[in-house]
Amino acid sequence: MKKVIFIILVLLTIKIQAQNHKWTLRACVDYAIENNISIKQSELDLKTSEYNKKDAVGNFLPSLNASASHSWNIGLGQDPVTFDAVTSTSKNLSGGISSSLDIYKGLQNINQLQRSKLEVLAAQYQLDDMKDNISLYVANAFLQILFNKEQYKVLSAQHEISTEELNRTKELVNAGSLPKGDLLEIQATLASQEQQLVDAQNAILLSKIQLAQLLLIKDYKNFDIVDTEYDVPNTFILAESPDVIVNKAKETRYNIKIAENNTKIADYNLKIAKGALQPSLSGSYSFGSNYFTSELYPSEDFETQISDNKSHNFSIRLNIPIFNGFSGRNNVKRSQVALDRSKYQLEQANLDLETNVYQAYNDTRGALKAYEAAQKTLSAREEAFNYSKERYNVGLLNAFDYNQSQSRFEQAQSDVVRTKYDYIFKLKVLEFYFGIPILDIN
């Protein structure tokens with residue numbers, strides 16, 4: 001019985017700990033990278049490219065094959081040694097080993113090896129680029145939850161103020177110092193704030209679900225993140241010119257590296273296609289022997305026959321392509337078209353990157369200005385609200401005007417929270433192009 005109680009307590013403790021577990025940004029990013037299906041597929045692509053590279057290395061090695069056969073013949077047959085026709089039941093055992101090697105193949109093997117190396121590099125770039133994109137998506141979803149939580153805190157604080165004002169107004173109305181309309185106005189404001197709190201709670205829940213789905217976590221109910229309040233980071237990035245950021249992005253961003261790599265791969269494909277039009281030279285060697293026995297002819301012992309029937313074969317083969325239905329030359333032309341297309345894609349990737357960096361730079365500067373303006377507005381709205389509160393407390397301001405002042409103050413607080421996290425995320429996108437990791441938020 002004690003053991004059962006102990007096990008139950010342990011299970012309950014584990015369950016409580018699991019429910020209280022809150023995710024940090026780094027934990028979310030690491031988990032997403034480890035479990036994302038697209039990343040797993042990209043890792044398989046990388047493995048495939050590594051196997052292809054091994055195949056390309058194997059093309060330089062000679063092939064080696066062994067063979068053996070044992071046959072029975074009943075009736076008319078042929079003695080494999082004397083080549084005489086025999087009618088009997090006979091047995092034949094043969095075996096051999098052969099090897100061949102490409103001596104010259106239009107440099108195709110060399111070009112295929114170089115291409116396979118580039119394909120491995122391209123697959124690695126693709127994997128790293130996907131990890132960066134997933135990290136960016138996770139950071140955005142993570143910051144959205146923090147924004148919704150801070151928004152809820154702002155609304156809760158205002159709700160507490162309104163509740164206190166409601167209690168005070170009730171006392172003043174009951175004492176005849178304020179008209180009943182002021183009480184009704186406060187009650188209407190409080191009801192509106194309660195609805196806003198419900199909407200804010202739903203926003204928090206939906207943003208948690210969005211991040212949980214991104215992480216492939218199904219336990220939405222117990223999923224939560226660490227309640228960390230991120231300050232606006234100090235950064236040098238806006239002091240850099242957009243051109244400097246573009247040049248840095250071209251060095252660090254994987255989509256440019258992928259486009260450059262694809263151009264090199266297309267160039268090697270062209271060389272391989274041209275190599276197929278050149279003569280090829282290969283050499284081969286084979287060794288074999290056999291053993292024959294028949295009812296009509298006495299046969300020598302096995303070892304003697306195997307020794308006497310040995311054969312060696314050496315050959316060199318030259319293949320000169322003359323006409324193959326235009327397939328070879330058309331492959332060259334298609335490879336040239338693919339190379340030209342990859343060059344255009346590289347050029348377009350550079351243009352897109354330049355456009356995205358300038359857009360991110362302007363968005364970040366605009367977000368910073370919006371945040372600074374929201375802070376100034378909040379300072380002014382707070383002073384105006386405090387002044388209105390003082391006048392309302394001494395009966396120099398009606399409830400409607402007081403609520404209007406409070407609503408503007410609430411909106412100013414919300415704008416600060418919204419512009420703050422909008423600026424943080426856009427700043428991270430700009431730093432992302434500069435090569436600064438997503439996780440460096442503080």
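**Exercise 1. Ile-245 and its surroundings**

Task: State where Ile-245 is placed, whether Ile-245 is buried or exposed, and which residues it touches.

Solution.
Step 1. Ile-245 sits in helix α6, which covers residues 242–252. The structure is a predicted model.
Step 2. The relative accessible area of Ile-245 is 0%. Buried means under 20%, so Ile-245 is buried.
Step 3. Leaving aside residues up to four places away in sequence, Ile-245 touches Ile-237, Glu-240, Val-357, Tyr-361, Leu-430, Tyr-433 and Phe-434.
Step 4. Ile-245 and Tyr-358 are 113 residues apart along the chain, and their C-alpha atoms are separated by 8.8 Å.

**Exercise 2. Helix α6 against helix α9**

Task: Describe how α6 and α9 are arranged, and list the residues in α6 and α9 that meet.

Solution.
Step 1. Two packed helices are described by the angle between their axes and the distance between the axes.
Step 2. For α6 and α9, the axes come within 9 Å and cross at roughly 135°. An angle over 145 degrees would count as roughly antiparallel; α6 is therefore oblique to α9.
Step 3. The α6 and α9 crossing is right-handed.
Step 4. On the α6 side, the residues are Pro-242, Asp-243, Ile-245, Val-246, Ala-249 and Lys-250. They meet Asn-350, Leu-353, Glu-354, Val-357, Tyr-358 and Tyr-361 in α9.
Step 5. Sorted by class, this contact of α6 with α9 has eight nonpolar residues, one polar and three charged.

**Exercise 3. Helix α7 against helix α9**

Task: Work out the relative direction of α7 and α9, and give the make-up of their contact.

Solution.
Step 1. Helix α7 spans residues 254–275 and helix α9 spans residues 327–393. Their axes are 8 Å apart, and the packing angle is about 170°.
Step 2. Angles over 145 degrees count as roughly antiparallel, so α7 is roughly antiparallel to α9.
Step 3. The contact includes Ile-256, Ala-259, Leu-270 and Ala-273 from α7, and Val-332, Leu-339, Leu-346 and Leu-353 from α9. Charged residues also take part, among them Glu-260, Asp-267 and Lys-274 in α7 and Lys-343 in α9.
Step 4. By class, the contact of α7 with α9 has 11 nonpolar, eight polar and four charged residues.

**Exercise 4. Helix α4 against helix α10, and Gln-413**

Task: Describe the crossing of α4 and α10, then place Gln-413 and name the residues it touches.

Solution.
Step 1. The axes of α4 (residues 108–174) and α10 (residues 399–434) come within 10 Å, crossing at roughly 165°. The two helices, α4 and α10, are therefore roughly antiparallel to each other.
Step 2. The crossing of α4 and α10 is right-handed. The residues of this contact of α4 with α10 divide into 14 nonpolar, eight polar and six charged.
Step 3. Gln-413 is in helix α10. With a relative accessible area of 18%, Gln-413 is buried.
Step 4. Gln-413 touches Val-154, Gln-158 and Leu-378, not counting residues up to four places away in sequence.

**Exercise 5. Aromatic pairs**

Task: Classify the ring pair of Phe-323 with Phe-326 and that of Phe-385 with Tyr-402, and state which of these residues are buried or exposed.

Solution.
Step 1. The structure holds 11 aromatic pairs.
Step 2. In the pair of Phe-323 and Phe-326, the centres are 5.2 Å apart and the planes make an angle of 85°, and the pair is edge-to-face.
Step 3. Phe-323 is exposed at a relative accessible area of 57%, and Phe-326 is exposed at 55%.
Step 4. The ring centres of Phe-385 and Tyr-402 are 5.7 Å apart with the planes at 35°, so this pair is tilted. Phe-385 lies in helix α9 and Tyr-402 in helix α10, so the pair ties together parts that are 17 residues apart in sequence.
Step 5. Phe-385 is buried, with a relative accessible area of 3%; Tyr-402 is buried, at 0%.
Step 6. Trp-23, Tyr-31 and Phe-223 are linked into a cluster by ring pairs.

**Exercise 6. Positive phi values**

Task: Place Leu-107 and Leu-216, and give the phi of each.

Solution.
Step 1. Most residues other than glycine have a negative phi.
Step 2. Leu-107 has a positive phi, near 60°. Leu-107 is in the loop between β2 and α4 and is partly exposed, at 45% relative accessibility.
Step 3. Leu-216 has a positive phi of about 65°. Leu-216 is in the loop between α5 and α6 and is partly exposed, with a relative accessible area of 45%.

Definitions and conventions: Residues are numbered from 1 along each chain as its sequence is written. This is a predicted model: local features need pLDDT of at least 70, side-chain atom pairs count only at pLDDT 80 or more; totals for chains, interfaces and linings use all residues. Side-chain values use heavy atoms; hydrogens and water are left out. Axes are lines fitted to C-alpha atoms, for helices over the stretch in contact, and angles run from 0 to 180 degrees between N-to-C directions. Helices (H or I, at least four residues) and strands (E, at least two) are DSSP runs, numbered from the N terminus. Angles under 35 degrees count as roughly parallel, over 145 as roughly antiparallel, 65 to 115 as roughly perpendicular and the rest as oblique. A crossing is left-handed if the near helix is turned anticlockwise from the far one by less than a right angle, and right-handed if clockwise. Ala, Val, Leu, Ile, Met, Phe, Trp, Tyr, Cys and Pro count as nonpolar, Asp, Glu, Lys and Arg as charged, and the others, Gly among them, as polar. Contact means heavy atoms within 4.5 Å. Rings of Phe, Tyr and Trp (its six-membered ring) pair if their centres lie within 6.5 Å; planes under 30 degrees apart count as stacked, over 60 as edge-to-face and the rest as tilted. Buried means under 20% relative accessible area, exposed over 50%, partly exposed in between (1.4 Å probe, protein chains only).
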